[in-house]
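Biologist: I have a model open here and would like to go through a few spots with you. Could we start with one residue and then move on to the surface?

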Amino acid sequence: MRQGLGTQLRHLIDLLDGAVGAAYEDAGLAYRPRYTPVMRALESGEPRTIGQIAEAAGITQPAATQTVALMLREGLLDASPGVRDARQKLVRLSAHGEHLLPQLRQCWQATRAAADSLDRDLPYPLSEALAQAIAALRTESFGERIRTARAATNSNKETS
């Protein structure tokens with residue numbers, strides 16, 4: 001039986017995140033792979049809002065909110081009220097987060113090399129396929145595609 005797209009993607013993420021998580025452990029870091037997009041968005045030292053982090057990291061705002069909350073609890077980030085709007089948090093790397101950056105950058109470099117190696121072993125680079133899939137879903141969401149498929153299925157049943 002062929003697995004569905006969602007099942008395949010979850011399995012792929014499990015394989016990738018598990019290996020990356022183990023690489024952080026091997027480097028002596030208590031760090032989760034899901035933190036990387038936020039760390040990279042903040043590594044310049046400029047404080048950012050959650051929305052700015054989400055945009056820079058290419059993740060949803062709820063994902064950014066959840067990840068930032070975890071990272072604040074673990075002492076990787078600091079947050080302060082916004083200058084113009086105190087309800088808006090400005091987030092930056094903490095001293096601990098800054099201290100980890102050199103080791104993290106080494107891990108990220110090794111991870112990038114491993115991803116490039118995987119791309120070379122495939123008939124079509126996974127990174128390109130993912131970028132094209134994301135672009136296609138920005139043009140027509142998966143929800144829209146499901147509704148179109150459902151409508152087509154329903155109209156086929158009616159004409160049978």
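Biologist: Is Asp78 buried, partly exposed or exposed?
Modeller: In this predicted model, Asp78 is partly exposed, because its relative accessible area is 39%, and the term covers values between buried (under 20%) and exposed (over 50%), computed with a 1.4 Å probe and protein chains only.

Biologist: Which strand is Asp78 in, and what does Asp78 touch?
Modeller: Asp78 lies in strand S1, residues 77–81, where a strand is a DSSP run of E with at least two residues and a helix one of H or I with at least four, numbered from the N terminus. Leaving out residues up to four places away in sequence, Asp78 touches Leu72, Leu90, Val91, Arg92, Leu93, Ser94 and Ala95, contact meaning heavy atoms within 4.5 Å.

Biologist: How far apart are Asp78 and Ser94?
Modeller: They are 16 residues apart in sequence, and 5.1 Å apart in space from C-alpha to C-alpha.

Biologist: New topic: which helix holds Phe142?
Modeller: Phe142 lies in helix H7, and Phe142 is partly exposed, with a relative accessible area of 48%.

Biologist: And how sure is the predictor?
Modeller: The chain averages a pLDDT of 92, with 96% of the residues scoring at least 70; pLDDT is the predictor's confidence in each residue, from 0 to 100. Among the elements of the chain, helix H7 (residues 142–159) has the lowest mean, 85, whereas helix H2 (residues 36–42) has the highest, 97.

Biologist: Any ground rules for reading this?
Modeller: Residues are numbered from 1 along each chain as its sequence is written, and side-chain values use heavy atoms, with hydrogens and water left out. As the model is predicted, local features need pLDDT of at least 70 and side-chain atom pairs count only at pLDDT 80 or more, while totals for chains, interfaces and linings use all residues.
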